[in-house]
Amino acid sequence: MPVSRLTGSSELANSRRFRLALVLVILAVLWWFLLGALERQASKVERQSVGLVLSQLRAALVVKGAEIMLDRDARLENYVGINPVGLVQQNWNSYEGVCKGDGPARGKWCFRSRLNVRDHAAETGRLLYRPEHRIQIGQRVAEPGATLGWMVTTQFSDRNGDGRQDESERTTGLMLEPVTEN
């Protein structure tokens, strides 16, 4: 009889250990799925945040382009490469100002300025963003830590469809164009 009691109690202990192991495995699988879902949501939030900033900058460029076109002495070409963040009356916590060193930190924006060749006093450059997560902005996919860039350029009516502005095609406004950052 004592042998059967030991066998019964060891079976009960083994059964409890098995259930505990099964619960731990299920919790680990659920935790893994939860972390994946959180990563996807963080990426989605970052993509929407970048899209919102770009939309606000594009709207500000439309307004600035209209102001320039109304001013008979101003030319749209003089505004190529400006820092578009200066046109928006909002301070973003994620904007670092002029880029220092390698560019912005992850999840931050900065403006990499260059001396304008035409007008040595004016600075031109590119707006840079370094994502924290893998995101897709338009047709561009950026891995975490990669740098995305945009530059203010002129918009024109491309009548012949070649993608280049000819002398007969007039400038119609300012736009934010994606560029590759070297």
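Within the protein chain, residues 24 or more positions apart account for 47% of those contacts that have a separation of 6 or more. The coordinates belong to a predicted model, and every value reported here is to be read with that origin in mind.

The protein chain holds one helix and seven strands, and their order along the sequence follows the pattern α-β-β-β-β-β-β-β. Helix H1 spans residues 2–70. Of the 182 residues in the protein chain, 29% are buried, while the area that the protein chain exposes comes to about 12500 Å², with carbon and sulfur atoms supplying 56% of it.

One nonpolar part of that surface can be named residue by residue: Phe18, Leu20, Leu22, Val23, Leu24, Ile26, Leu27 and Leu30 make a patch of about 790 Å². Valine 23, one of these residues, lies in helix H1. The relative accessible area of valine 23 is 45%, which makes this residue partly exposed, and because membership of a patch requires over 30% relative accessible area, the value of 45% for valine 23 agrees with its place in the list.

Turning to charged side chains, the structure holds three salt bridges, which are set out below with the distances between their nitrogen and oxygen atoms.

| Basic residue | Acidic residue | N to O distance |
|---|---|---|
| Lysine 64 | Glutamate 67 | 3.9 Å |
| Arginine 75 | Glutamate 77 | 3.3 Å |
| Arginine 134 | Glutamate 143 | 2.8 Å |

Side chains of opposite charge can pair when their charged atoms come close. For the pair formed by lysine 64 and glutamate 67, the positions in the sequence help to explain the meeting, because the two residues are three residues apart in helix H1 and are therefore separated by about one helical turn. The N to O distance of 3.9 Å in this pair falls within the 4 Å that a salt bridge allows. Both partners are partly exposed, lysine 64 with a relative accessible area of 22% and glutamate 67 with one of 44%.

In the salt bridge between arginine 75 and glutamate 77, the closest N and O atoms are 3.3 Å apart, and glutamate 77 counts as partly exposed at 23% relative accessibility. Buried residues are those under 20% relative accessible area, so the 23% of glutamate 77 places this residue in the partly exposed class. Arginine 134 is joined to glutamate 143 by a salt bridge whose closest N and O atoms lie 2.8 Å apart, and glutamate 143, at 41% relative accessibility, is likewise partly exposed.

How values were computed. Residues are numbered from 1 along each chain as its sequence is written. This is a predicted model: local features need pLDDT of at least 70, side-chain atom pairs count only at pLDDT 80 or more; totals for chains, interfaces and linings use all residues. Side-chain values use heavy atoms; hydrogens and water are left out. Patches are made of residues with over 30% relative accessible area and no salt bridge: like charges are joined within 9 Å, nonpolar side chains (Val, Leu, Ile, Met, Phe, Trp, Tyr) within 5 Å. Accessible areas come from the Shrake-Rupley method with a 1.4 Å probe; for residues, only the protein chains shown count as cover. Helices (H or I, at least four residues) and strands (E, at least two) are DSSP runs, numbered from the N terminus. Buried means under 20% relative accessible area, exposed over 50%, partly exposed in between (1.4 Å probe, protein chains only). Contact means heavy atoms within 4.5 Å.
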